[in-house]
Structures are given as C-alpha cells and as structure tokens.
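Reader: I would like to go through this protein step by step. Could we begin with the spaces inside?

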Amino acid sequence: MGEDRFLRWQVGNVKITRVAELGGAPFPGAFMFPQATPELICRHAWLRPHFANEDGRLFGSIHSFVIESGDRRIIVDTCVGNDKLRSIEAWNRLQGPFLADLAEAGFPAQSIDTVLCTHLHVDHVGWNTRLVKGKWAPTFPNARYLFGRREWEHWTSAAARHNDGDVMGDSVRPIIDAGLAELVEMNHALTSEVRLEPTPGHTPGHVSVRISSRGEEAIITGDLMHHPLQCAEPDLANNFDVDTAAARRTRRDFLSRCSNKPILVLGTHFAPPTGGWVMAAEPAWRFELAPPADDGKP
Ligand SMILES: [Zn+2]
C-alpha cells in the first residue's frame with residue numbers, strides 16, 4: 001500500500017477527492033493574466049512556495065473533484081481528456097493516465113452517477129467522452145451529465161467565439177446525442193448537501209458548487225478565479241474571461257462573501273494543497289492554508 005497521492009477533504013458527511021490530470025510546471029503569469037509580471041507576482045510573498053516560485057512564475061493545476069454525498073458520486077469538471085485535437089500543444093492529443101488514477105482513487109468510471117461541468121470550456125469537459133473505435137463515447141456511461149442551460153445556450157449561439165478545437169463536437173454533443181445530458185438552472189440542487197451557485201462572467205452560465213453538511217461549508221470555485229494571486233489582485237484581467245467586468249464583480253462578491261469565514265475554498269485550478277480559506281488583507285484578500293481561528297470574536 002503506497003501513500004495516498006490524492007488530496008481528500010471531509011465537509012460534514014461529504015467527502016471530496018481531488019484527482020489531477022496536469023500540473024506541476026511553473027508558467028509565466030502572462031499566460032493567464034496579461035498584467036501579471038514577475039515583479040507583481042514576487043510582491044505577494046505568501047504565494048510561495050505552493051502557488052508561485054522565486055522567479056515570479058505561477059503554479060497551476062488541471063484536476064477534477066469527486067464529491068461523495070449520501071450514495072451519490074459526483075465528478076465536478078472533467079479536465080482536458082485524451083486524444084482531443086487542441087491548439088495548446090500540451091493538451092493536443094493528450095495521452096494521460098487520468099482514468100486509471102480516478103479508479104485508483106476509488107472511482108472507476110462506471111461508479112460515477114453524476115458529471116457536472118462548471119462551464120463548457122476545453123479544460124472542463126474533456127473526459128466527458130473518450131475515443132472508442134474512432135468515435136467519441138461517453139466516459140461515464142452510468143452518469144447523468146449536468147450542463148448549465150444558460151451555458152449551453154451561449155456556446156450554441158452564433159455569437160459564441162469558439163473555445164479551442166471542436167470542444168462542443170467532441171466533448172458535449174456526443175453526451176446530448178447519447179441522451180445522458182440534463183440542462184439545469186444555475187442554482188440547481190444536486191443533493192440536500194450539494195448545490196450550484198451562479199457565478200457568471202468567466203462564461204455567461206458559469207457556476208460554482210456549494211457543499212453544506214452538518215454546519216460545515218465548502219465551495220468549489222470553478223473558474224471564477226484561476227489562481228490564488230487573484231485574492232490579492234481581484235481586478236487582474238484574465239485572458240479567458242468572456243466578460244471581464246462581470247468576472248471582476250463576481251470575483252469580488254465571492255471573496256467578500258467568503259472572507260474570514262470557515263468556508264473551505266477549493267480552487268479548480270489551484271496547485272496543491274488546492275484548498276484554503278479567504279482572509280481579508282487590505283486592500284484586498286489573501287488565500288490562507290489554515291482556517292480562521294475560532295476564538296469567538298466576530
Ligand atoms: Zn479552466
């Protein structure tokens with residue numbers, strides 16, 4: 001028996017497990033945020049060593065979270081996927097062990113009953129399907145796949161500026177065609193402990209996932225933030241936000257709502273340790289790895 005290489009959290013009765021697909025290599029801040037120079041990144045010393053390095057480059061991650069609530073097994077976001085034709089070289093025709101890792105973490109694909117995509121970007125829908133005899137087949141054959149109705153309408157409208165490669169054609173439409181998809185509202189409740197929260201801006205139908213059980217709270221961000229740097233620099237424009245102004249409003253609103261509260265924040269692209277707490281640090285916030293002290297003060 002090896003050491004458990006998967007990050008796991010317990011929130012009341014709910015278990016959450018992180019299974020990673022890609023990450024580890026430092027990248028220039030400008031890949032995500034045009035204004036994130038090495039100098040700006042170095043100014044926030046608390047980002048080191050987990051989220052940035054001494055050279056002012058960032059660490060990130062592409063991973064799924066599996067939520068166990070009652071007898072349900074919900075996978076949140078499905079990464080890049082194998083064999084997909086993509087313009088980002090590291091993602092193109094990827095051949096990774098994600099499904100084997102998912103099984104090793106305790107979740108063979110057949111055991112997943114719900115797939116939830118926080119939005120329909122390339123790195124959140126990839127493992128919805130896999131290549132079987134030259135066709136895209138549902139990876140999770142026993143699951144209902146939940147897509148936001150607003151999000152679906154956006155990406156199928158003539159106005160949508162495309163994603164990367166044929167994301168809808170290879171990773172979303174095959175699920176609709178197989179009859180496994182459900183279009184849901186942005187405040188949909190999945191179980192009595194797990195529900196969606198609307199956090200539009202990054203994309204028009206973007207949602208986060210709130211977990212509440214026995215008085216404990218966690219929230220999976222989706223891409224309302226991509227990196228803990230945005231706690232300190234909430235107004236940084238992001239290369240992938242559809243509506244920059246709405247994304248800023250949503251991010252600031254989210255950070256104020258979580259600030260100094262015992263709400264475990266699980267970042268969808270945050271490098272390990274991935275989970276933490278938002279604390280006020282004038283003039284903005286900071287991402288802490290320990291929860292706020294429960295000292296009875298307001
Ligand atoms: Zn993403």
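Reader: Which classes of residue make up the lining of the largest cavity, and how many of each are there?
Author: This is a predicted model. The lining of the largest cavity consists of 13 residues, and those nearest its centre are Cys117, Phe147, Gly148, Gly205 and Val207. Cys, Phe and Val count as nonpolar, while Gly counts as polar. Over the whole lining the classes come to seven nonpolar, four polar and two charged residues.

Reader: How many cavities of 30 Å³ or more are there, and how much space lies in the largest cavity?
Author: The search covered the whole structure and found one cavity of 30 Å³ or more. The space in the largest cavity is about 40 Å³.

Reader: What is the volume of the largest pocket, and which residues are the closest to its centre?
Author: The volume of the largest pocket is about 810 Å³. Its lining has 33 residues, divided into 16 nonpolar, 13 polar and four charged. Elements that each supply at least two of the lining residues include β2 (14-23), β5 (61-69), α3 (122-125) and α4 (149-155). The closest to the centre of the largest pocket are Phe31, Ile88, Trp91, Asp123 and Phe240.

Reader: In what order do the six strands of the open sheet stand, and which are the edge strands?
Author: The pairing in this sheet is mixed, and the order is β12-β13-β14-β15-β16-β17. From one strand to the next, the twist averages 35°. An edge strand pairs on one side only, which is the case for β12 (194-198) and β17 (284-288).

Reader: In which sense do β14 and β15 pair, parallel or antiparallel?
Author: Strands of a sheet pair through backbone hydrogen bonds, and either sense can occur. Across this pair, Ile220 stands opposite Leu266 of β15. Residues 216-220 form β14 and residues 263-266 form β15, with four bridges between the two strands, and the sense is parallel.

Reader: Which helix packs on the sheet, and what angle does its direction make with that of β15?
Author: The helix is α7, residues 244-258, which touches β12, β13, β14, β15, β16 and β17. Its direction and that of β15 make an angle of about 145°.

Reader: Which residues of helix α5 are buried?
Author: Buried here means under 20% relative accessible area. Among the elements that cover the buried residues of α5 are β8 (129-132), β9 (135-138), β10 (144-148) and β11 (181-184), as well as α3 and α4. Within α5, residues 167-177, the buried ones are Val167, Met168, Asp170, Ser171, Val172, Pro174 and Ile175.

Terms used. Residues are numbered from 1 along each chain as its sequence is written. This is a predicted model: local features need pLDDT of at least 70, side-chain atom pairs count only at pLDDT 80 or more; totals for chains, interfaces and linings use all residues. Side-chain values use heavy atoms; hydrogens and water are left out. On a 1 Å grid over the protein atoms alone, a cavity is a set of points where a 1.4 Å probe fits but cannot get out, and a pocket is an open set with protein on both sides within 12 Å along at least five of seven lines; lining residues have an atom within 4 Å of a point. Grid points are joined across faces, edges and corners, and a volume is the space filled by probe spheres set on the points. Two strands pair if DSSP finds at least two bridges between them. Axes are lines fitted to C-alpha atoms, for helices over the stretch in contact, and angles run from 0 to 180 degrees between N-to-C directions. Contact means heavy atoms within 4.5 Å. Buried means under 20% relative accessible area, exposed over 50%, partly exposed in between (1.4 Å probe, protein chains only).
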